[in-house]
Amino acid sequence: VRGYGTEGNLLADESFEKNAKAAIENGLTVGAYVFSEAITIDEAIAEAELILSLVKPYDIKGPIVIDIEDIENDTGRNENLSPTELTDIVLAFCEKIKSEGYTPMIYCNIKGFLGMLEFERLEGIEKWYAYYGDELYFPYDLSIWQYTANGTVEGIKGSVDLNISFK
């Protein structure tokens, strides 16, 4: 699911339903994420409500993630927010997800966690860390490590992200 696009509209991944159903039928633990571009707490809650409406029909046991990134070679809606403002938005999303009985998680790289957000305020929220190096160094508790964007999976054309879950 993608959050707010440049025109301020929520956009759901057209393949979500097909992918979620197939993954569950094949015995995979399924979670979901929102590539967020929320610039207000109300928009973050709307993103959370959208993803919650999409996952409701499925047996979702994995986390529901807010993805915060600096968009390479482009401008994101949230790039001019202060770390305090963006952290408030992330926490609002996570609180809404948790209030509905799901596990919230934050996806970022080092720039996101330590530059865009106030990391010290994220205690107790699971973290998914994107770092494409041979040796993982992240001196904080993390749940998932995304270790490459150049993986291959049989049946999928092109490169895919690969991750290791520590849970």
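Q: What does buried mean, in terms of relative accessible area?
A: In this predicted model, residues are sorted by their relative accessible area. Exposed means over 50%, and partly exposed is in between. Buried means under 20%.

Q: Is Phe138 buried or exposed?
A: Phe138 has a relative accessibility of 9%. Buried means under 20%, so Phe138 counts as buried.

Q: Is its ring partner Phe119 buried or exposed?
A: Phe119 lies in the loop between helix 4 and strand 6. Its relative accessibility is 13%, and the limit for this class is under 20%. Phe119 therefore counts as buried.

Q: Which kind of pair do the rings of Phe119 and Phe138 make?
A: The two ring centres are 6.0 Å apart, and a pair needs centres within 6.5 Å. Their planes stand at 85 degrees, while the cut-off for this kind is over 60. The pair is therefore edge-to-face.

Q: How many residues apart are Phe119 and Phe138?
A: The pair links distant parts of the chain. Phe119 sits in the loop between helix 4 and strand 6, and Phe138 in the loop between strand 6 and strand 7. Along the chain, they are apart by 19 residues.

Q: Which residues do ring pairs link into a cluster?
A: By the ring-pair rule, the model has eleven aromatic pairs. Phe119 is in contact with Phe113, Phe138 and Tyr140, among others, leaving aside its neighbours within four places in sequence. The cluster linked by ring pairs is made of Phe113, Phe119, Tyr129, Tyr131, Phe138 and Tyr140.

Q: Is Pro139 buried, partly exposed or exposed?
A: Pro139 is found in the loop between strand 6 and strand 7, where Phe138 also lies. Its relative accessibility is 49%, while exposed needs over 50% and buried under 20%. Pro139 therefore counts as partly exposed.

Q: Which residues have the most contacts inside the largest nonpolar core?
A: This core has 38 residues. Elements that give two or more residues to it include helix 1, strand 3, helix 2 and strand 5. Inside the core, the most contacts belong to Phe93 and Ile106.

Q: Which helix gives the most to the largest nonpolar core?
A: Helix 2 (41-55), helix 3 (83-99) and helix 4 (110-116) are among the elements that give two or more residues to this core. The most comes from a helix that gives seven residues, and that is helix 3.

Q: What is the relative accessibility of Val34?
A: Val34 lies in strand 3, and Phe93 is in contact with Val34. Val34 counts as buried, a class that needs under 20%. Its relative accessibility is 1%.

Q: How many residues does the other core, with Val65 and Trp128, have?
A: This core lies apart from the largest one, and Tyr107 and Ala130 are also among its members. Tyr107 has its place in strand 5 and is buried, with a relative accessible area of 8%. Leaving aside neighbours within four places in sequence, Tyr107 is in contact with Val65, Trp128 and Ala130, among others. The core has a count of six residues.

Q: Which element gives the largest share of the lining of the largest pocket?
A: The pocket has a volume of about 1,600 Å³. Among its 46 lining residues, the closest to its centre are Gly31, Tyr33, Trp128, Asp161 and Asn163. Helix 1 (16-25), strand 7 (144-151) and strand 8 (160-165) are among the elements that give two or more residues to the lining. The largest share, six residues, comes from strand 8.

Q: How many residues in the lining of the largest pocket are nonpolar?
A: The lining is sorted by class. Polar residues number ten and charged ones seven. The nonpolar count is 29.

Q: Which residues are closest to the centre of the second largest pocket?
A: This pocket holds about 210 Å³ of space. By class, its lining has five nonpolar, two polar and six charged residues. Of the 13 residues that line it, the closest to its centre are Glu123, Gly124, Ile125, Lys127 and Asp141.

Note on methods
Residues numbered from 1 in each chain as written. Predicted model: local features only at pLDDT ≥ 70, side-chain atom pairs only at ≥ 80, totals over all residues. Heavy atoms only, no water. 1 Å grid on protein atoms, 1.4 Å probe; cavity = no way out; pocket = protein on both sides within 12 Å on 5 of 7 lines; lining within 4 Å. Points joined across faces, edges and corners; volume = space filled by probe spheres on them. Helix = DSSP H or I, 4+ residues; strand = E, 2+ residues; numbered from the N terminus. Nonpolar A, V, L, I, M, F, W, Y, C, P; charged D, E, K, R; others polar. Core = buried A, V, L, I, M, F, W, Y, C linked by side-chain atoms within 4.5 Å. Buried < 20%, exposed > 50% of the residue type's maximum accessible area, 1.4 Å probe, protein only. Contact = heavy atoms within 4.5 Å. Phe/Tyr/Trp six-rings, centres within 6.5 Å; stacked < 30°, edge-to-face > 60°.
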